[in-house]
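Reader: I'd like to learn how to read a new model feature by feature. Can you take me through one?

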Amino acid sequence: MSTAAAGPEIERLISLLARLPGLGPRSARRAALFLIKKRDQIMAPLATAIQTALEKIEVCRVCGNIDTQNPCTVCTDVRRDPAVIVAVADVADLWALERARAINARYHVLGGTLSPLDGIGPQDLSIDALVSRAHDPAVTEVILALNATVDGQTTAHYITDLLHDANVKVTRLAHGVPVGGELDYLDEGTLAAAIRQRTTF
Ligand code: ZN
């Protein structure tokens, strides 16, 4: 019979923490203990931050980003190029591109990629909204920043077909050698793609 070392409130805290990505039961227990020890410095501000996020966070009605204002900070930023929309599968991808300061454009979060095996079809993704945004005369390019996986590329092809009638250039991310990468360590698929998509020096 398993025994609990702490009361039900603390056990509940641990079991909720254990559901966070990257945290297993052991690290959840450590995190809970850390929070309890740092009750004033960490736990209280964290609880307030979670409560505030719970009350204020919304999904942007234009692009699908997550923010405390709607339309989101990205969509309302007048310094961004309104001519370019970067389509991403997930908010995490949008945030990654923003962290990299990769491009000063607008975004469109699809909410996933097409995956027949998982039963995810076009109607489950925000594809119609992207196509309608692409028909705005101010938009000249749609960048499909999707994963270099079968599902990601299937989705890219599907969207490219739908954007045929829109007056936009459709581009996708380059595949190839990562920055700082050594050729000897790359898989054959990546190397072959890098050779196919070579650029002029
Ligand atoms: Zn937005």
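Reader: Let's start with the sheet: how many strands form it, and in what order?

Author: Keep in mind that this is a predicted model. To read a sheet, follow the strands from one edge to the other. Here four strands form an open sheet, ordered E4-E3-E5-E6, with parallel pairing. Strand E4 (105–109) and strand E6 (169–172) are the edges; each has a single partner strand, so one side of each is left without a neighbour in the sheet. On average, neighbouring strands are turned by 25° against each other, direction ignored.

Reader: How many bridges join E3 to E4?

Author: Strand E3 (residues 81–88) and E4 run parallel and are joined by five bridges. For a landmark, look at Ile 85, which stands opposite Arg 106 in E4. Then find helix H5 (residues 91–99), which lies across E3 and E4 and runs at about 160° to E4.

Reader: Next, the metal. Which residues coordinate the zinc ion?

Author: With a metal, check the donors, then the angles, then the spacing in sequence. The zinc ion is held by the SG atoms of Cys 60, Cys 63, Cys 72 and Cys 75, at 2.3 Å. Angles among the four donor atoms are 104 to 114°, and the site is tetrahedral. In sequence, the donor residues follow the spacing C-x2-C-x8-C-x2-C. Two of these donors link distant parts of the chain: Cys 60 sits in the loop between strand E1 (58–59) and strand E2 (66–67), while Cys 75 is in helix H4 (residues 73–76), 15 residues apart.

Reader: Are Cys 60 and Cys 75 buried or exposed?

Author: Compare the relative accessibility with the 20% cut-off, under which a residue is called buried. Cys 60 has 4%, so it counts as buried. Cys 75, at 13%, is buried too.

Reader: And salt bridges: how many does the structure hold?

Author: There are four. For each one, ask which elements it ties together. One of them pairs the side chains of Arg 29 and Glu 11 (3.4 Å, N to O). That pair links helix H2 (residues 25–37), home of Arg 29, with helix H1 (residues 8–17), home of Glu 11, 18 residues apart.

Reader: Which residues are linked in a network of salt bridges?

Author: Asp 77, Arg 79, Arg 80 and Glu 98. Within it, Glu 98 bridges to Arg 80, with the closest N and O atoms 2.6 Å apart. This pair connects helix H5, which holds Glu 98, to the loop between H4 and E3, which holds Arg 80. Arg 79 and Asp 77 also meet, at 3.2 Å, N to O. Burial varies along the network: Arg 79 is exposed at 68%, whereas Arg 80 is buried at 9%.

Definitions and conventions: Residues numbered from 1 in each chain as written. Predicted model: local features only at pLDDT ≥ 70, side-chain atom pairs only at ≥ 80, totals over all residues. Heavy atoms only, no water. Donors = N, O, S within 2.8 Å, 3.2 Å for Na, K, Ca; no water. Tetrahedral: all angles 85-135°; square planar, octahedral: opposite > 155°, others 65-115°. Helix = DSSP H or I, 4+ residues; strand = E, 2+ residues; numbered from the N terminus. Buried < 20%, exposed > 50% of the residue type's maximum accessible area, 1.4 Å probe, protein only. Pairing = 2+ DSSP bridges. Axes fitted to C-alpha atoms, helices over the stretch in contact; angles between N-to-C directions. Contact = heavy atoms within 4.5 Å.
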